[in-house]
Structures are given as structure tokens and as C-alpha cells.
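Here are a few exercises to work through with the model open in your viewer. Try each one yourself before you read the solution.

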Amino acid sequence: MSLSGMCRAVRLLGQIQRRRPVTARCLSQAASQPEPSADENEAVSPTFVNRNPRNLEQMALAVKDRGWKTTWPRREFYHRLEFSRSQHHVTAQVFSTSSPVPVLVCSTKEWAVKKELGSTSCVAACQAVGEVLAHRCKQAGITRMVYREIPWTYRSDAVQSFRTAMKEGGVTLSEPRRKYIGT
């Protein structure tokens with residue numbers, strides 16, 4: 001059998017399978033549905049699986065890694081925001097305790113941010129990076145993080161506009177204190 005003959009046979013087989021007879025359902029009889037009992041609604045499952053891995057973190061019950069006392073910045077956080085400016089670009093990163101790789105990054109090096117700005121290192125660029133990062137944090141479900149700026153850069157207009165953009169975006173720049181539950 002040639003290749004074209006096999007292709008024709010497969011096409012015919014597909015047409016045969018598509019022409020199934022259509023059967024009509026009998027709609028004159030109502031299907032009997034079992035009545036739900038009130039006891040089933042109040043039953044509690046003996047096993048519970050937490051499908052939200054950040055649930056303990058959001059309730060401030062998860063363990064915060066303290067790290068060494070001599071390290072700066074301290075490692076006692078769930079998420080940490082790092083903001084940096086250079087002569088040419090502005091970058092903001094969100095780090096998690098468990099990973100040295102940033103969870104979220106926003107920079108004026110990205111084309112989508114860069115094309116909307118006149119300059120990539122001005123106060124407006126810092127505000128734009130803050131707005132975009134706040135939006136990304138909300139999409140990722142991160143609403144609280146630690147932001148400890150370097151004291152001598154805190155009063156800068158650029159840093160202040162970045163902080164206000166993050167706060168207006170719905171991100172709280174402090175984390176709750178860890179709750180200790182006695183056993």
C-alpha cells in the first residue's frame with residue numbers, strides 16, 4: 001500500500017468516526033437527585049492539606065531566619081526589598097529568606113519601562129519602577145516586605161518617590177512581628 005493510499009484510508013476512517021448516530025434523551029422523566037443531609041455539610045475532614053505555602057507567613061507564624069548578629073542588613077524577614085540607583089539605571093529587587101536569587105525584579109533596563117521614560121535615572125524613573133514593582137508584587141501575592149534603606153540615602157527625593165509609589169500601589173513596607181505560640 002502506498003503512502004497516498006494510507007493517507008486516504010486514514011481520512012476515510014476519520015469521516016466514518018465523525019458520523020455517529022445522534023440519540024435523543026428522554027426528557028419526560030426528572031432525574032432523581034439524592035438529598036444532601038445537614039450532617040455532611042458540618043463534617044470536618046480529619047486530614048488537612050495546606051495548599052497555600054505562604055499561609056503561615058501571612059499569619060506571622062512562620063519562622064524567620066535570624067542569621068548572624070554581625071551581618072547587615074539583618075536576615076530576619078520573609079521578603080526584603082532592595083532599591084539601588086546608579087548613574088544610568090534604577091533597579092528594585094524583592095528577595096526571599098530562602099533564596100539568594102531575587103523573587104521579583106524591576107529595572108529601567110527593561111524595554112517596557114525604558115520606552116515610557118525620558119531619563120532612566122531621574123526621580124520619575126524611580127517612581128515608575130516603584131509603581132511597576134508594586135503591581136508585580138500584588139500579582140505575586142506579596143503585600144508586606146521589609147525595606148531598610150541606607151541611612152544617608154533616605155532623604156533623597158528619588159528614594160522618597162519610590163517609597164510613596166510602593167505604598168500607593170498597596171504594598172506595606174514593614175512586616176508584622178513574629179507571633180510565638182506556646183505549646
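**Exercise 1.** Work out what span helix 5 (residues 123-140) should have, and check it against its end C-alpha atoms.

*Solution.* This is a predicted model, so you are checking the geometry of a prediction. Start with the length: helix 5 has 18 residues. The expected span is 1.5 Å times one less than the number of residues, which gives 26 Å here. Now take the end C-alpha atoms: they sit 26 Å apart, so the two values agree. Just past the helix comes G141, with a positive phi near 90 degrees.

**Exercise 2.** Find which residues of helix 5 are buried and what covers them.

*Solution.* First, list the residues under 20% relative accessible area. For helix 5 you should get A125, C126, A128, V129, G130, L133, A134 and C137. Next, look at what packs over them: the cover includes strand 1 (79-85), strand 2 (90-96), strand 3 (99-107) and helix 6 (157-168).

**Exercise 3.** Decide whether S107 is buried or exposed, then find what its side chain has polar contacts with.

*Solution.* Place the residue first: S107 belongs to strand 3. Its relative accessibility is 5%, so S107 counts as buried. Then look for polar partners. The side chain of T91 makes a polar contact of 3.3 Å with that of S107. A polar atom of the S107 side chain also lies 3.1 Å from the backbone nitrogen of K109. Finally, skip the neighbours within four places in sequence, and the contacts of S107 are V90, T91, V113 and V129. One of these, V129, is also on the list of buried residues of helix 5.

**Exercise 4.** Track down the salt bridges, and say how buried or exposed each partner is.

*Solution.* There are 2 to find. One pairs E82 with R80, with the closest N and O atoms 3.2 Å apart. E82 is partly exposed at 31% relative accessible area, whereas R80 is buried at 17%. The other pairs E110 with R136, and here the closest N and O atoms are 2.8 Å apart. E110 lies in the loop between strand 3 and helix 4 (111-114) and R136 in helix 5, so this pair ties together parts 26 residues apart in sequence. Both partners are partly exposed: E110 has a relative accessible area of 23%, and R136 has 25%.

**Exercise 5.** Zoom out: how many helices and strands does the chain have, and in what order do they run?

*Solution.* Count 6 helices and 3 strands. Reading from the N terminus, the order is α-α-α-β-β-β-α-α-α.

Technical notes
Residues numbered from 1 in each chain as written. Predicted model: local features only at pLDDT ≥ 70, side-chain atom pairs only at ≥ 80, totals over all residues. Heavy atoms only, no water. Helix = DSSP H or I, 4+ residues; strand = E, 2+ residues; numbered from the N terminus. Buried < 20%, exposed > 50% of the residue type's maximum accessible area, 1.4 Å probe, protein only. Contact = heavy atoms within 4.5 Å. Polar contact = N/O pair within 3.5 Å; in protein donor to acceptor, adjacent residues only side chain to side chain. Salt bridge = Lys/Arg side-chain N within 4 Å of Asp/Glu carboxyl O.
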